[in-house]
Amino acid sequence: MSVGALPRFRAENIRSMLRHGLITVAFCCFIAAALAITQHGDWGAQMVYSLSIGLISWLFIDVGRLLISGHREILWPTGPWGYLLVAGGVLVGFLGGNAIGDAWTHQPLLNFSSFEERRLATTIIITLTATICMCFFFYSLGRSKHMRSQIELAQRNATEARLKLLEAQLEPHMLFNTLANLRVLITADPPRAVAMLDRLNNYLRMTLSGSRALAHPLSAEFERLADYLELMSVRMGARLRYTLDLPEDLRDTPVPPLLLQPLVENSIRHGLEPKVEGGRIAVTARQDAGRLVIEVSDTGVGLDANQPAPSGGSGFGLEQVRERLATVYGDQGRMSLATAPAGGTCTTLSFPLPPLA
Amino acid sequence: MNPTALIAEDEPLLAHALKAELGAAWPELQVLATAGDGRSAVREALRLLPQVLFFDIRMPGLDGLGAAAELADRWPTDEAPMPQLVFVTAYDEYAARAFETQAIDYVLKPVQPERLRKTVLRLQQALASQHPHAKPAAADEALERTLAQWRQLLAAAGAGAASGLPSQAARAPLKMIAASEAGGNTVRMVPIDEVLYFEAADKYIRVLTATREYLIRTPLKQLLAQLDPEVFWQVHRAVVVRSAAIGAVHRDEAGKLHLDLKGRPEKIPVSRLYAHLFRAM
């Protein structure tokens, strides 16, 4: 297997490794300079020792972490392996670096006994501290980069969800068919065309601004449903009949905007549109023991027939309603799906009524 | 004799408008009927045998593609030549692009008079060249040409309709299929190499290996996008077979083709649209 084929050795990781190497070199030069000044030692020898130890540790640890970290996002081995790697890096760097340094200064190889004890201890401490600091630094660097990418991902997901919602509402087939109908009406029945245009206007305005408002009265929600259903019944003709039933005393109850829209849309798309003879949609609201209960029922093809078409979007619509209920009402909001008595689908939402002002 | 047509469109206003626009662009054309769903479109077309079909792609019951595929099989070619097919759609940019260069046509809603006139011109040319004066060889050739056009049109429209679906990994051919055992609750991983054929049945697709049968719920359109077209051939609107498993092809008295598969006892019907795959070289 070629090294290039391993995803962890992809160019981006090699680049970050080389960057680490450069920082290491700079750091080693700094240590060597500090040592040379404080100990009045030989600049060249200090440089060789320092660079050899640093670069060997760096190579060992950086290559090692790529090799044993597998495909993790933060390219660092977890648990004891991480510590072992650093320890290994320190040891190999210390021994190897000293060997090279000794060869450079023509001292006997790794003859630690020739060192004064204090100098040996200093070297070990410097190597250890420097390596651990650098490792921690690089690890934090990698982790913060990973965190940043996670945050970006989350933001992208949120944006995508909003877009998907908008796309579901402004489904091109719905939009273009509506416009095509409108075009026919403009010449055939201008007053009806104007009425339809107003409905479309309301529908679009609500869809485009709906995600921003937190709540609106239930009566407004029902009016928007009426807009949508009226648009659809121009398109479907006699195949769509509908009733909206909102008791007077519930008109001002605040509800999240466009909460019911996906349910009615599901009823049409997955219930009535596939059914040759069409059918009826009924939306009712009532009060039940301090809770608001809203029912969307249709006489379409029914639940079972819906299920094999999750790609059609019903899954997304329902999921969306469920999520919004959970966000606004917590575990007090409920949604259930059932087979309607007439054979279609009946979706029931219920949540606590806000106390009367 | 005036040319005849049938319109299949589930939205009454749009059906009415298309009829009116056709009346202006092609006054001689006689619209025999307007059907509101795919099933009645097939029924009416077989009863009236029109020369031109205007089919909406999205219709209740049976969509335009399905209705056309069914008509291709059931059309009585000895009574009337295969009709010219035109798809009508509100929004299908991919299909629209694919159709741009085709002989027979699509119409984008709302119907633009100029665009419709172009379509009408193509249809008139196609109908004029179609009249075979009782020469069986020429009739065969005309049928073959029409079938080839239908095949292209259905493929292009199908690709357009399927591209609306989330088609993850459309490029990478499927290796394993998670399928439930027929009549059981167990899901098995079935290696694609063992599958001899797929058959769409109602809401399911039956997955058949030499010894067993499984069920999946993916629409055939979506499944096809994930199969290697060299390995699996669609031979019928509801059947996709492993090409290497085809043992023999038989023609019955009515001229219909059937396949024998190595390792399965069933006879697999071959749709008229795909019969060209089995013409002797």
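**Chain B: its two sheets and its interface with chain A**

In this predicted model, helix α1 of chain B lies across strands β1, β2, β3 (52-56) and β4 (84-89) of chain B, running at about 155° to β1(B). The helix also takes part in the contact with chain A: among the residues of chain B that touch chain A, the largest share, 5 residues, comes from α1 (residues 12-25). The points below take up the sheet beneath this helix, the other sheet of chain B, and the interface.

**The parallel sheet of chain B**

- Five strands of chain B make up an open sheet in the order β2-β1-β3-β4-β5, and their pairing is parallel.
- The edges of this sheet are β2 (30-35) and β5 (106-108) of chain B, each of which pairs on one side only.
- From one strand to the next, the twist averages 20°.
- Strands β1(B) and β2(B) are paired in the parallel sense over 5 bridges.
- Residue I7(B) stands opposite T34(B), which belongs to β2(B).

**The antiparallel sheet of chain B**

- An open sheet of 7 strands in chain B follows the order β7-β6-β10-β9-β8-β12-β11, with antiparallel pairing.
- Its edge strands are β7 (187-191) and β11 (232-236) of chain B, and each pairs on one side only.
- Neighbouring strands in this sheet are turned by 35° against each other on average, with direction ignored.
- The edge strand β11(B) pairs with β12 (residues 239-242) of chain B in the antiparallel sense, over 4 bridges.
- Residue W233(B) has V241(B) of β12(B) opposite it.

**Extent and composition of the interface**

- Chain B contributes 24 residues to the contact, and chain A contributes 24 residues.
- Between them, the two chains bury about 2,100 Å², of which 57% lies on carbon and sulfur atoms.
- On the side of chain B, the residues that lose the most area to chain A are L13(B), R58(B) and Y91(B), which together account for 28% of what that side buries.

**Polar and charged pairs across the interface**

- There are 4 residue pairs in polar contact across the interface of chain B and chain A, with both residues at pLDDT 80 or more.
- Sorted by class, the side of chain B that touches chain A comprises 12 nonpolar, 4 polar and 8 charged residues.
- The interface of chain B and chain A holds 2 salt bridges, while the count over all chains comes to 19.
- One salt bridge links E11(B) with R235(A), and the closest N and O atoms of this pair are 2.6 Å apart.
- Another salt bridge links D10(B) with R239(A), with the closest N and O atoms 3.9 Å apart.
- The pair of D10(B) and R239(A) joins two chains, because D10(B) lies in the loop between β1 (4-8) and α1 of chain B, whereas R239(A) lies in the loop between α7 (218-236) and β2 (240-245) of chain A.

Terms used
Residues numbered from 1 in each chain as written. Chains lettered and ligands numbered in written order. Predicted model: local features only at pLDDT ≥ 70, side-chain atom pairs only at ≥ 80, totals over all residues. Heavy atoms only, no water. Contact = heavy atoms within 4.5 Å. Buried area = accessible area lost by both parts, 1.4 Å probe. Salt bridge = Lys/Arg side-chain N within 4 Å of Asp/Glu carboxyl O. Polar contact = N/O pair within 3.5 Å; in protein donor to acceptor, adjacent residues only side chain to side chain. Nonpolar A, V, L, I, M, F, W, Y, C, P; charged D, E, K, R; others polar. Pairing = 2+ DSSP bridges. Axes fitted to C-alpha atoms, helices over the stretch in contact; angles between N-to-C directions.
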